[in-house]
Amino acid sequence: MLGSGLLQGLKVTAKNIAGSFHDPERLVTVEYPEQKTKLPENYRNFPFLVSENATDPMGTLRCVACQICEKECPPQCIYIEKSKDKKPDAAGKMQVYPAVFDIDTSVCMSCQICVEVCPFEAIKMDQVFEIATTDRFNALLLDRNQLAKPNSYYHQIHPTEAAEVDGRLLAERKAAEEKAKAAAAAAAAKAAAAAAAPKPVATPTATAGAPGAVAATVSVAKPATPPAAAPVSATPPAAAPAASPAQNAPASDGKAAP
Amino acid sequence: MNAMPGIFAAATGADSLLERWPILFRDTVAGFFPAPLQWLVGSLISILAIVAIFGGVFAALTLLERKMLGRVQNRPGPNRTGPFGLLQPIADGIKMLTKEDIVPRSADHLLHFLAPVALLAFSILTFAVIPFGRNLVPLELDAAVLYFFAAGAATELAIFMAGWASRNKFSLLAAMRALAQLISYELPLLLSFVPIIMLAGTLSMTGIIDQQAGWNFGFIPKWYIFTPWGFAAFAIFLVAALAESNRSPFDLPEAESELIAGHLTEYSGFKYALFFMAEYFGMIALSGMAITLFLGGWRAPLPFLEFIPSYLWFGAKLLGLLLLFIWIRGTFPRLRMDQLTRLAWKFLVPLALFNLGTAAFWSLTSGWSGPLQLARWGVAIALVVVPFVLLGRGLSRGVAPRTYRFA
Amino acid sequence: MSEPATDAPGLSDAERDELRRHGILLTKIEELVNLGRSKSVWPLQFGLACCAIEMIAASMARFDIARFGSEVFRPSPRQADLLIVSGTVTKKMAPQVVRLWNQMPEPKYCIAMGACAISGGPFKQGYNVLKGIDRFIPVDVYIPGCPPRPEALLHGLIQLQEQIRTAKSSGPKTTRHLRPGDCNYPVPEFGDRDLEPPANPAVWQPPQIVRSEKA
Amino acid sequence: MSNSGLEFPAPVGGSHVAAVHDPFHGDLLEVSMGPHHPSTHGVFRMMVTLDGETIVKLKPVFGYLHRNHEKLGENTSYLASMPYTDRLDYLNSMTNNWAYALAVEKLAGQPVPERAEYLRVILAELTRLLNHVCLAGFLLQDTGASGTPLMYAFREREKILDLFESLSGSRMMCNYQRFGGCRVDASPEWLAGAKHITDNFGRFLDEYEELITGNEILMARTQGVGALSPELAISAGITGPMLRATGVDYDLRKVDAYGVYSRFNFRVPLGDHGDTYDRYMIRVLEMRESITILQQALRDLPAGPIMDPKAKIRGFRPKAGEAYGRIEGPKGEIGFYLISDGSPNPYRYRVRPPSFVNLTVLEDMCLGQTIADAVIILGSVDIVLGEVDR
Amino acid sequence: METLEQIRDRLLARFPGAEVTLVTNPGAAAQHSLSLGLAHAAAMALFLRDDAELKLDYCSNVTGVDWPEKEIIESTKVSVPDPAGGPAKIVEQKTKRIQPGSLEVVYHLYSMAKKHGPVIIRLRTANRTDRANVPSLTPVWRSCEFQEREVFDLFGVKFDGHPDLRRILMWDEFTAHPMRKDYVEPDDYEWEPTPHGTVLDKAKAHYPPSALVAAAPAAPAHGAPTHAAPAPKEAPKP
């Protein structure tokens, strides 16, 4: 009969009108400024740099300016300039740090490839999305100070992921220390053997060329044996990083030189 | 003890204070003026009252429409400007007033300016004859219904003027559509109220309302909608009213998805607000007309509810009809142009003509009583339903839900 | 009213609060008009790319832009007061966007939604992509993100409403439509390789940032 | 009737509109349903020549969203192009990712573990639900139903988007698949959420069909409008629901049986008129089939790694050669044709977009119809400009 | 479906004058293709579509590929007789050869009737400049209409016999063919905050002359909030 379909349609809309007063399924609005939808843990917006502690974020950046993320970023919106001097990082090794680390949030497509390829867990995805501005040139080009956030903040927004990352870093550091200890013990044994050998040859004990003594355990590193854990600095072109980065297969760095 | 009903009667009777205060007010104010000016001041007051009240009803209607559409679509609608969004129409009004008014260089400036003014003038003219309350009839005409449709028919000219004057291809298409639609729906609109004139025997609104006084079986009011031919006429009138006021599913002239904004494409700021206001006034006027003809005007539906003043009943019925309009707008898609005119000429006009026959049969057999009464109702209902089903089948010949095969 | 009405003579803000406590509301016509304008911002129904889908999602039931009085997406530029540039503005589309902007009646506002509208975003190095719509038309609010969440759009809209509400009609920070000068933005032509002119100097003045040569 | 000197260029498709010459048909009205139009689904333009309201000539104009996807693809590495595929057909990012990953895996001969294949099927079918629900909503919006069906459709879409967001991190731009598997594993809570949504989707569809499918106005507006013959459809390379609406049985999930689709039993609905109503109904029936696939896939999702251990993220250099991989996207066959010369950047990176090719017959379907029909026919073709213009 | 060799032989049998060569695909996908001569291309395509055995009625994908001139250095081993009568030395001789560039159009054909495919055919133009013509296959498969127009627009391959050969993606006044390898984009690099490599070189054109003279001592990094033009820095050596 003509019009039966129309009446059915009216019935459905009537059900929705009536339902919107009592059934939460029929009134799904989240009144934004007052109520906010709970962001899932995996949510990502723009990257931020992880620093070890909150007191001195600039000093304890995990980033070692290896510029892998700058090369891999699809829209090329990261700009890094290495510092000339070095500073000790969490594990006590002397590392280069980024003098300039800019991310242009007006170009970034929040695809988290920089997080995926970073071998040092130095860059993670933030969850702040309320960043509407009226001035494009200054506010949207985030520099090092605006990007650096403490590890505690990282634990706050991505709890499970942060815990897993910290576990892996600790394991890695412990492994590095054991290897360093083993290497030191082997070096000490060889030195003792060499000392027991003919006396007259004075073993040259020049301090190692390696930049600065490895803080806690290793005594004077012999020039002969290369420093156990070669600092993973992707100084192009040939230095294949010994300690394979946690996440992905050893990357052959023969790729496009910067 | 019997004083109680007296007071009660005084407060509820036909001439209770609640009923007559508007007239008392008008006469006292007119009294201050010399005799020849009195009718002028009286009519000025009623004009001011109509424009003020229905201006407010228009503002509330825009808010009601947005909130009701919101409720249909599972969202609350505007609720941040003022408590529960009540100040939203005021904010819209202020913004529209202070908007720059752009007139395209190639437009016909005079017609472009006159179109909204004419549309609003014709829409307000139709309010002159609608009886809002027991003695709240602005203009007591004995050919009121004729006057109403004469004034209503002029709005087509204004819409075409708007479409033509803005020299824009989309508004030209919209103007052509508006003409075809409004003229082809003028006929079912008029034909649907002819049986009422036939049975009421008068063209004046108050006369028609008086015919619908009283209740049979004590609680069913003698409104025309509760007769088979009356219900059919009401349905036709409603569909035609939807088309006349360009409301969905007949909003072809102002079809957002095809013709950008139809004849309103080149109007900005306050002229656009005038168009908006004219459309809502047209809707209110047609609903008022439907109430007067079919729903017993300002009469109370049940005898013991007589104490509520008559204009409140008119307001309640008006609100009911407007909610029905908005509910229909939230549900149905839009018809195509040829389907629209085919619906008018091949479906509504024949049905309305059949309805004349059933109304004639109804008035001739008014004398039947007892078992003949049932026969009378049966034949009348058959005379309404059978042509509807036959014509309906003819209308939707090629259209049917389909079944699908699976590979 | 929160800002000190420095330029307006007469009542200072403290006095106005004092009067308000006594139930007397004092305001200037301009603030009333600004309040009305800010509460009923009608965007143009104009979407370019992925950000348009997020704009539509913002007008749907879950985020409901209607609460801000902006669910009326007017299709015709004549009745719209807000142009949300949501998506990549290509060089083939730029003249149309500027023409639409010119057709909108004053006072009009512009939101650059998403990385592409602000600076060409991920497609910045494309040969057919305009590096940001603020080369041709003035932008009031930039919303970064690719695409920004619907809540980010609502946050930008709230910021725009705040801007409109505190707009000044005189003094240094007069709103754009009251400033003297022609408010018609020149529409770029199609050249054989690029748009002529590639940018509108009246609107586009980037600061100079010098980057060093890198290995 | 002699041709009145008004030469109507014969449309390539061969369906002719006789040039009628009589005094009522005066000069034609050339209207540009231009890049800014409420119902062209983005920046798509149709130069329409109207005789009254009937369409006599319709020339589509593209390029307003040509974002040089392929040129950028040739200047960046394989991995860096993956997030760009999200922005091709920005309603279905998961199927775009899968098509690109499939093509690169075919190019490099990269195996994919079982669990990743199942996850890909689950996410592709969820994307199909999302796309078809959006289409039904936008089609009703074009017929003028003031947004109500679109609001119900987006209400369901938000639920699926929450699933994608909790898994991949972003609502619309998932960037989830890698060459040789997926990036993030689906947690048990996520799988439970997906199961809940799939089971309730059937109930929503019933209510949706009750509102729309029986509606006489919609049937009158869409039945018999924009009919397409099977021969023209095959010759014009139409794929997806639009092709199956004309009755041709060609669904890549059955023909190529890529991924693990051969393990699920599901049916492929076929129409027989090929008009707008059939295209709408085919998509509704496909949604019901997708629900059955989802339930089967969620039931027997195996455990195991989601990423092939030997797969390389950075420094990915496939051997010289070429490959064309294609999948059944919600809009039709989406394919990637890659030519590699051994360097980390592809030598030629070509996307075969379904909506761009499906638009070839837009003029043939619209000739003789009114301007209101052209809007619905365009809506039923289901185009997304990011993919049409690339 | 028959193997590509059988198809080639049947084509050669059917069109004696035509040249049909098999192009092997070294990659893992092993999707080999047939390169057709331009003279009989349209007729062969018609045959492929209407042949009862093949029935390739669906042309899924039309792609343009740009092969610019390539300098091929062939090192051929030449034995040079040692004048002092010693054993002949093997000397690597490098011969530089310019391989002429050409534009190629690749068609992926499938059969919807028999549900098999893909058969890939390639058409190469004579050169990249004046004789860049290829017979259009739109009369055979209607799906090539828009895709061929796109190849014409982005690569500059002129299709003879195409019903409506116009630009489809770029605006009509555009003169160049942007997808070619040697296309140079217009220069609008005023504001490039994160330039690398070629983008940095293009952005340099907009730097003030003072910045280009990189002699001044190292100034503090850009971090200055006002972005005033910081004094230039010389490049930190890697």
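This is a short dialogue on how to read the cores and one chain of a predicted model.

Colleague: Which residues touch the most other members of the largest nonpolar core?

Modeller: A nonpolar core is a set of buried residues, such as Leu, Phe or Trp, joined through side-chain atoms within 4.5 Å. Here the largest nonpolar core has 325 residues, and those touching the most other members are F237(B), Y90(D), L126(D), W190(D), L359(D), L362(D) and Y107(E). Because domain 1 (14-95) and domain 2 (99-346) of chain B both give residues to this core, it lies between them.

Colleague: What does W190(D) touch, not counting residues up to four places away in sequence?

Modeller: Contact means heavy atoms within 4.5 Å. With those sequence neighbours left out, W190(D) touches I122(D), L123(D), L126(D), L163(D), S166(D) and L167(D). Apart from the largest core lies another one, of 40 residues, which includes F46(A), C73(A), F101(A) and L147(A).

Colleague: How many helices and strands are there in chain C, and what pattern does chain C follow along the sequence?

Modeller: Chain C has six helices and five strands, and reading along the sequence gives the pattern α-α-α-β-α-β-α-β-α-β-β. The C-alpha trace of chain C spans about 65 × 40 × 40 Å along its principal axes.

Colleague: How much of chain C is made up of buried residues, and what area does chain C expose?

Modeller: Buried means under 20% relative accessible area. Of the 215 residues in chain C, 65% are buried, while the chain exposes about 7,100 Å², with carbon and sulfur atoms supplying 59% of that area.

Colleague: How far apart are the mean positions of the positive and negative charges of chain C?

Modeller: The mean positions of its 26 positive and 23 negative charges are 4 Å apart.

Notes: Residues are numbered from 1 along each chain as its sequence is written. Chains are lettered from A and ligands numbered from 1 in the order in which they are written. This is a predicted model: local features need pLDDT of at least 70, side-chain atom pairs count only at pLDDT 80 or more; totals for chains, interfaces and linings use all residues. Side-chain values use heavy atoms; hydrogens and water are left out. Buried means under 20% relative accessible area, exposed over 50%, partly exposed in between (1.4 Å probe, protein chains only). Domain bounds come from an automatic or database domain assignment. Helices (H or I, at least four residues) and strands (E, at least two) are DSSP runs, numbered from the N terminus. Accessible areas come from the Shrake-Rupley method with a 1.4 Å probe; for residues, only the protein chains shown count as cover. Lys and Arg count as positive and Asp and Glu as negative; His and the chain ends are not counted. The place of a charge is taken as NZ of Lys, CZ of Arg, CG of Asp or CD of Glu.
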